There are 2 protein chains.
Amino acid sequence: MYTVKEVADKMNISEHTIRFWAKSGFFPFIKRSETNIRLFDDHDLEWVKIVKCLRVAGVENKEIKRYIDLCLIGDSTVPERYSIIQKTKEKTKEHIKELTEQISLLEYKEAFYKNIMENNLKDSWNPINNITIEEKINL
Amino acid sequence: MYTVKEVADKMNISEHTIRFWAKSGFFPFIKRSETNIRLFDDHDLEWVKIVKCLRVAGVENKEIKRYIDLCLIGDSTVPERYSIIQKTKEKTKEHIKELTEQISLLEYKEAFYKNIMENNLKDSWNPINNITIEEKINL
DNA sequence: TCTTGACTGAGAGTAACTCTAATTTTTATA
DNA sequence: TATAAAAATTAGAGTTACTCTCAGTCAAGA
């Protein structure tokens, strides 16, 4: 049985967030000690894992709550759960694609600045000077 | 010259966000028409592009403002700008790695649900029943 | 002329944390 | 055993980055 702090450390999430998620109804099975302390078991950890997965993938808390509730209802909700997971996967792939594209731009800028530093060049533009658009662009 | 709406459409960002960013000082060069309407030129679009890139990469607005201000100062700030870009790139690569890991879990769940649906199986668990942890995990 | 649609700023509302404070519990040490 | 430090609890305030609403301005077409 794990306390909030232990879960937080294990899953690399802040304690605040774990409590916030618990209050949001994301962990319907967690027990409390006689003195009111939350106790997560390994099954609860699986729920933390899937909630974290959905959050990282950008799913809204409201939608996560829906998914949790569907799980609690049982069999009949499998198609909707499937659909949530499937859409989330597609969205995540799109997200990765977008991040990958942005990395190209970041690498371009990185190389641009590196070149300036290594060759002791001027930055080619300073707002005090009046210069053409072409010169301005690489900032 | 482009209005806020045109920039929003072109860059796939909401008009609200463009105005919010403008108010945050992210576009120091945009002009206004005599009737006070914002007019972006192609150079301003480059700034929108880099701001979008940094935001997508998860850089905070405060840090983006710092980057913008460094650009305005000129030459002497190239090393700090390089460092911001470089750290952002590393963070983004980490982020992609995390998303890629989560996709594995999503694909596992997707296959799990698909199997249930295609073979008309039971969900193997319904909270009404008392069952073992092992059976509970796949939800 | 009238209305429609795009623009404006101010400011309220929202999501998802994130932090603080007051209080209670647990644990380690004297 | 006493006690002090560490860790848990809750309620609620604060933060970030939008996101939306609204009242008002302005140009262009029926």
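A polar contact here is a pair of N or O atoms within 3.5 Å. The model is predicted, and the tour follows its two DNA strands in turn.

**Stop 1: DNA strand C.** Select B:Arg38 and find its backbone: a polar atom there is 2.8 Å from a phosphate oxygen of DNA strand C. Next take A:Asn61, where a backbone N or O atom lies 3.0 Å from a phosphate oxygen of this strand. At A:Arg55 look at the side chain instead, which has an N or O atom 3.0 Å from a phosphate oxygen of DNA strand C.

Now show the helices. H2 of chain A, with helix H1 (4–11) and H2 of chain B, each give two or more residues to the surface near DNA strand C; H2(A) gives the most, four residues. Around the strand are 17 residues, and those that come nearest are A:Thr35, B:Thr3, B:Lys5, B:Arg19 and B:Arg38. Colour the surface by residue type to see four nonpolar, six polar and seven charged residues. Of the strand's atoms within 4 Å of the protein, 81% belong to sugar or phosphate and the rest to bases.

**Stop 2: DNA strand D.** Select A:Thr3, A:Arg19, A:Arg32, A:Arg38 and B:Arg55, the nearest of 17 residues around DNA strand D. Sugar and phosphate make up 79% of the strand's atoms within 4 Å of the protein.

Three side chains have a polar atom to pick out beside a phosphate oxygen of DNA strand D: A:Arg19 at 2.5 Å, A:Thr3 at 2.9 Å and B:Trp21 at 3.2 Å. Finish on H2(B), which with four residues gives the most to the surface near DNA strand D.

Methods:
Residues numbered from 1 in each chain as written. Chains lettered and ligands numbered in written order. Predicted model: local features only at pLDDT ≥ 70, side-chain atom pairs only at ≥ 80, totals over all residues. Heavy atoms only, no water. Near = heavy atom within 4 Å. Polar contact = N/O pair within 3.5 Å; in protein donor to acceptor, adjacent residues only side chain to side chain. Nonpolar A, V, L, I, M, F, W, Y, C, P; charged D, E, K, R; others polar.
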